[in-house]
Amino acid sequence: MALVLEGGRLIDGSGRDPVERSRVVVEGDRIAAVGAGGDHPRGAEVVGLDGLTVLPGLIDLHTHMGIVTIGELAGLPLAVVAAQLFRNAELCLLSGHTTAREVGGADGGLRQAIDQGLLPGPRLFPSGPLLSQSGGHGDLAPPFLALEHRHQGGVPGLVQPHATCDGPDEVRVAARTAFRHGATQIKMCVSGGVVSLTDRVEDAQFTVEELRAAVEEAQARDSYVTAHAHNVRGILNGLEAGVACFEHGTFLDERTAAKMAVARAALVPTLAVTQIFVEQAEAWGIPPSIVPRMAGVGEAMANAVKIAADAGVMVGSGTDILGPEQNRRGLELVLKAQILGPMAAIVSATATNARILRRETDLGTVEEGKLADLIAIDGDPLADPGVFDDPHRVVLVVKDGQVVKDTRSR
């Protein structure tokens, strides 16, 4: 039976002007027609959206749904870890994010569970574990623990936050293992991080040769590597190795942004986490000694977004939210709107993110033939982007042509 979404103001993700009193026809899991007015297909289910705004399903390219606490998961019963992971997946979908790229945390097991209809969640593109060098970002083992006693942690098929590897050969094994566990791309660290025990944000990590080993493994599978990168030395090393996407980009400069544009490498800033990090640090299990490391990161990252956009770099959208009850994904669009404007923020989280995922033929815009991922919001996000930060304002979510949330006032 066809599904017709009728009467809403359509922002289609392309950046074009909204369409008033729109009509979107869904047949199966695809969009069959888009326009204003017209006849309903015989026997169609009609969903009236008067006074609401219709958009493509949002995409979050930097999720950690599986990182429900910082440090060893051994302190939590696996049942609790699984329940919190599944809850995060559900919250992601209910917030209007119908697609997510998990860049360290859950692996292909979560994707299989969602795809089989065993639990609600977004269309998932898992990276598997974050690949880290010894002592680098992601390596949260005690600093004086001997290497032979260190283990990678996590539970394959559920959660794998990180994998530590040194040298091109170990990187290849780690990348191959991640793909074996269902990864759709590889995530690495080319710089130090905020939530780190033994490095600085200013550090460059992994050699070009190590990075290139992962890139070669990804390219052999028609995939790519994305990299945690706060500083320009890490980004430049990644560009030399063929890394296709960079997360955060906090201290990006004009020269490096120009090189990214030439290489057609994307940037996925993560503004939301910089705002809520301090208030959520205790709930996320972050040691108090780490909290001051976030100082100034938000302002620097906002400036990096401007630099990247001015250079013509593809600027995507990600959140980097950690912990249990991850319910502030829409904040990313609010903060991006303050820098680039509301329409650009929406395009970033829809059409641009689909391009970065290499799924623009199926996702990112409301067009005939694309997958029927659609949401309706109570409010006008162009006039008030703040509506994105309230998941209750997302009153309708359609994924693959199926209504998975409907809280419209009747």
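Which residue in strand 8 does Thr-63 stand opposite? Thr-63 faces Glu-102. The legends below cover this pair and other close-ups of the predicted model.

**View 1. Three strands, 7-8-10, form an open sheet with parallel pairing.** Strand 7 and strand 10 are the edge strands. Each has a single partner strand, so one side of each lacks a neighbour in the sheet. Neighbouring strands are turned by 15° against each other on average, direction ignored. Strands of a sheet pair through backbone hydrogen bonds, either parallel or antiparallel.

**View 2. Strand 7 (residues 58-63) runs alongside strand 8, paired in the parallel sense over 4 bridges.** Two opposite pairs help to place the strands. Leu-58 stands across from His-97 in strand 8. Thr-63 stands across from Glu-102, also in strand 8.

**View 3. Strand 8 (residues 97-102) is mostly covered.** How many of the 6 residues of strand 8 are buried? The count is 6 of 6. Strand 8 pairs with strand 7 over 4 bridges. Strand 8 also pairs with strand 10 (residues 123-126), again in the parallel sense and over 4 bridges.

**View 4. Strand 10 sends its side chains two ways.** In a regular strand the side chains alternate between the two faces of the sheet. Arg-123 and Phe-125 point one way from strand 10. Leu-124 and Pro-126 point the other way. All four are buried, the charged Arg-123 included. Across from this strand lies strand 8: Thr-99 stands opposite Arg-123, and Ala-100 stands opposite Leu-124.

**View 5. A second open sheet has 4 strands in the order 4-3-1-5.** Its pairing is mixed. The edges are strand 4 (30-36) and strand 5 (45-48), and each pairs on one side only. The average turn between neighbouring strands of this sheet is 15°, direction ignored.

**View 6. Strand 1 (residues 3-6) pairs with the edge strand 5 in the parallel sense.** The pairing spans 4 bridges. Which residue of strand 5 does Val-4 stand opposite? The partner is Val-46.

**View 7. Helix 3 (residues 167-180) packs against helix 4 (residues 208-219).** The two axes come within 8 Å and cross at roughly 30°. That angle makes helix 3 roughly parallel to helix 4, because angles under 35 degrees count as roughly parallel. The crossing is right-handed. On the helix 3 side, the contact is made by Gly-167, Pro-168, Val-171, Arg-172, Ala-175, Arg-176 and Phe-179. On the helix 4 side, the contact residues are Glu-209, Glu-210, Ala-213, Ala-214, Glu-216, Glu-217 and Ala-218. By class, this contact holds 7 nonpolar, 1 polar and 6 charged residues.

**View 8. Helix 4 also packs against helix 5, at an angle of about 50°.** The axes are 8 Å apart. Helix 4 is therefore oblique to helix 5. Is the crossing of helix 4 and helix 5 left-handed or right-handed? Helix 4 passes helix 5 in a right-handed crossing. Helix 4 brings Val-208, Leu-211, Arg-212 and Val-215 to the contact. Helix 5 brings Asn-237, Gly-238, Glu-240 and Ala-241. These residues divide into 4 nonpolar, 2 polar and 2 charged.

**View 9. Leu-239 sits in helix 5 (residues 232-241).** Is Leu-239 buried or exposed? Its relative accessibility is 18%, so Leu-239 counts as buried; the cut-off for buried is under 20%. Leaving aside residues up to four places away in sequence, Leu-239 touches Phe-246, Lys-259, Met-260, Ala-263 and Ala-265.

**View 10. Leu-239 and Glu-6 are 233 residues apart along the chain.** Their C-alpha atoms are separated by 46 Å. Leu-239 belongs to helix 5, whereas strand 1 covers residues 3-6.

Key
Residues numbered from 1 in each chain as written. Predicted model: local features only at pLDDT ≥ 70, side-chain atom pairs only at ≥ 80, totals over all residues. Heavy atoms only, no water. Pairing = 2+ DSSP bridges. Axes fitted to C-alpha atoms, helices over the stretch in contact; angles between N-to-C directions. Parallel < 35°, antiparallel > 145°, perpendicular 65-115°, else oblique. Left-handed = near helix turned anticlockwise from the far one by under 90°. Contact = heavy atoms within 4.5 Å. Buried < 20%, exposed > 50% of the residue type's maximum accessible area, 1.4 Å probe, protein only.
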